[in-house]
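This briefing accompanies the sequence and coordinates shown below. Please read it with the structure open beside the text.

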Amino acid sequence: MVTFDQLRDLRPAELEDAADGWHRLSSAAGAAKGRVTDEIATRLQLAVTGEGVDAAVERLHELARSCHHAQVETGLIRTALNGLAGELRSAQQKLADAVADAEAEQFTVESDGSVHWVDKDPAAPLAPHQSVRGSRPSVVIGSDPDPKRAKAQEYVDRIGTALREATEADARYARALGRLHADSDLNVSDAEWVDAQRDMAAVRGAADHVTAGDIPKDKSPKENADWWKGLSQDEQADYIALHPASVGALDGLPATVRDEANRAVLAEKRADYQTQLNAIPPEPIKIQPGRVGSPIATRTAEWIAWDKKWGDKRSQLEASLKGMGDIQNRFARNDLGPEDDRFPRAYLLAFSSEGRGRAVIANGNPDTADHTAVYVPGTDAGLGNFAHDIKRMTNLWVAADSTADGKSVSTITWLGYDAPQGVKQAAYSKYADHGASDLNRFVDGIHASRATDSPGHLTVAGHSYGSTLTGTAARQGDLHADDVILTGSPGVRVGRATDLDVPEGHVWNEEAQGDWIPEAGRVAHGHKEYHWDSGLDSVIPSDDRFGAHQMRTDTDGHSGYWDEDSESLKNQARVVVGEYSRVKKETW
């Protein structure tokens, strides 16, 4: 129980000073995480090779994970201390106001919260002292012969309310702060990251000043950006600490903010999923051999029961964990060679592990880049096979950077929709219809979060079914892109490049030898129209009458458009950096 004297003499500023100290520690841990990963470990990998180096790099990554965990936990402490200080200051002000009002009316307030006054009744032989304490007396207001008693009771109630609010806040935050701790060793276990999720929930439950209801929902990226800019630095830090998933999903917020929030979500979800996977019972023997008289092998009853209960869950957890590992590998630059020493850091602009998972990762900061490319993958895309989509944009960044004449480049892998799985699902347009508005909103968010006066140059590149989604986005709404690149496209559901909502003459297409998807998908996603010499048919971007710039390709099949040093890749890079005159075109 917070006492009258404790609340009166409390100095909330001291709590806020402590919170500032924890904020400095959190910021230092975050900066150390970045330096260890992006500078020390990367430079060591590029400079030296060998088993000893690999072991040292792994230890550095463990150090970076430890710094990240410290950043999250100390950020929660800062938020909790600031929240406690704010609530105690409010209660203290209520107490001070009640005391001041009481004393203004000639009442005396004692340190136990009781209110005293002198009875001025002229009929009384003496002037006895009267008082009201915290427990309400059995008296009907208005019937007491001394009218001051009712007034005194009002002040006692106000004082009691202030003390009660302070006590409740103290208890709530004490429980939350009591959870926050970290082991002193270098390794951060999955259990500690899972515990960090619970810590976040505990502080969220205590902190009335940072509510999820205040976070914009279904607003435009511009409105999201304005909301964020309207917050103080402390408020911004509180929302990142307590609601990282919601903050990380908001289009229009700075890339650095979304990255910080989503990395926390990724670390916690990865630990959570690994813990769930470890808890699944071992898979029983699947096949039992045939017996005499029944030589056909069959599935065991134990395996059938296990598979029914755990099979799908294990597959989903394993696929999600693989994708999360691929993202972590990109953070650690594990897939880069010595020739990629200029490669920029990654920004995780969106992450969700639900279903097949969604993720958006950028090479370089799109808020400051001169040239930005957003790549939309196609059929079968998901967290489980995210690595090859990340690699495609790694290759495109290297090629574009080599062509950009010193200008900065950002390439983004946008897995921001539920992609169709398999050829049968890919025949339906509903996946493109549902994802198109998300793509439009994401592109608008890039413009809303620009940190320079220049609007930058933005390209949207769709592959396979991703090109169908791109065309749908340009048809359904305003796709604010300067250029569109379509690769291996089965159709974009419009018949002419001019029907896409991009500047005229800025639609580019690639169709490689041996890529059968465009023709196979023509019936499902090509634009239906009547042609004088062929009757009713479907138009796709590789048709002359569509009107796209047909870029030369030297790769084979449906997935080779991003092969390193290929003409297919270089042509895309030239479009991305606006070097249109250098694009090599097909001469059919």
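What follows moves from the overall form to the sheet, its individual strands, the aromatic pairs and one helix.

The model is a predicted one, and its fold comprises 16 helices and 15 strands. With a radius of gyration of 32 Å, well over the 25 Å that the globule rule gives for 588 residues, the protein is more spread out than a compact globule. An open sheet of 8 strands with mixed pairing is the subject of most of the points below.

**Overall form**

- Taken along the principal axes, the box filled by the C-alpha atoms of the protein is roughly 120 × 70 × 55 Å.
- Of the 588 residues in the protein, 50% are buried.
- Among contacts in the protein with a separation of 6 or more, 71% come from residues that are 24 or more positions apart.
- The exposed area of the protein is about 27,500 Å², and carbon and sulfur atoms supply 51% of that area.

**The open sheet**

- The strand order of the sheet is β6-β7-β9-β8-β10-β11-β12-β15. Because β6 (346-352) and β15 each have a single partner strand, they stand at the edges, and one side of each is left without a neighbour in the sheet.
- Strands of a sheet pair through backbone hydrogen bonds, and this pairing is either parallel or antiparallel.
- An antiparallel pairing over 5 bridges links β7 (residues 358-363) to β9 (residues 409-415), and here Ala359 stands opposite Leu415 of β9.
- Between β8 and β10 the pairing is parallel and runs over 6 bridges, with Val376 standing opposite Gly462 in β10.
- From β10 the sheet continues to β11 through a parallel pairing over 5 bridges, in which His463 stands opposite Thr487 in β11.
- β11 (residues 483-487) in turn pairs with β12 in the parallel sense over 4 bridges, and the bridge partner of Val484 in β12 is Val507.
- β12 is then joined by 2 bridges to β15 (residues 549-550), the two strands running parallel, and Trp508 stands opposite His549 in β15.

**Side-chain directions in two strands**

- In a regular strand the side chains alternate between the two faces of the sheet.
- Strand β10 (residues 457-463) is mostly covered, since 7 of its 7 residues are buried. His457, Thr459, Ala461 and His463 point one way from β10, while Leu458, Val460 and Gly462 point the other way.
- In strand β12 (residues 507-510), Val507 and Asn509 point one way and Trp508 and Glu510 the other, and all of these residues are buried.

**Aromatic pairs**

- How many aromatic pairs does a search of the whole structure find? The search finds 10.
- One of these is the edge-to-face pair of Tyr375 and Trp562, with the centres 5.5 Å apart and 65° between the planes. Because Tyr375 lies in strand β8 (residues 371-376) and Trp562 in the loop between β15 and α16 (567-576), this pair ties together parts that are 187 residues apart in sequence. Tyr375 and Trp562 are both buried.
- Trp508 and Tyr580 form a stacked aromatic pair, 5.6 Å from centre to centre and with 10° between the planes. Since Trp508 lies in strand β12 and Tyr580 in the segment after α16, the pair ties together parts that are 72 residues apart in sequence.
- Is Trp508 buried or exposed? At 3% relative accessibility, Trp508 counts as buried, because the cut-off for buried is under 20%. Its partner Tyr580 is partly exposed, having a relative accessible area of 27%.
- One aromatic cluster is formed by Phe107, Trp117 and Tyr155.

**Helix α3**

- The 54 residues of helix α3 (residues 51-104) should span 80 Å at 1.5 Å a residue, and the end C-alpha atoms of α3 are 79 Å apart, so the two values agree.
- Just after α3, Gln106 takes a positive phi of about 70°.

Note on methods: Residues are numbered from 1 along each chain as its sequence is written. Side-chain values use heavy atoms; hydrogens and water are left out. Buried means under 20% relative accessible area, exposed over 50%, partly exposed in between (1.4 Å probe, protein chains only). Two strands pair if DSSP finds at least two bridges between them. The expected span of a helix is 1.5 Å times one less than its number of residues. The radius of gyration is taken over C-alpha atoms; the globule rule is 2.2 Å times the number of residues to the power 0.38. Contact means heavy atoms within 4.5 Å. Accessible areas come from the Shrake-Rupley method with a 1.4 Å probe; for residues, only the protein chains shown count as cover. Rings of Phe, Tyr and Trp (its six-membered ring) pair if their centres lie within 6.5 Å; planes under 30 degrees apart count as stacked, over 60 as edge-to-face and the rest as tilted.
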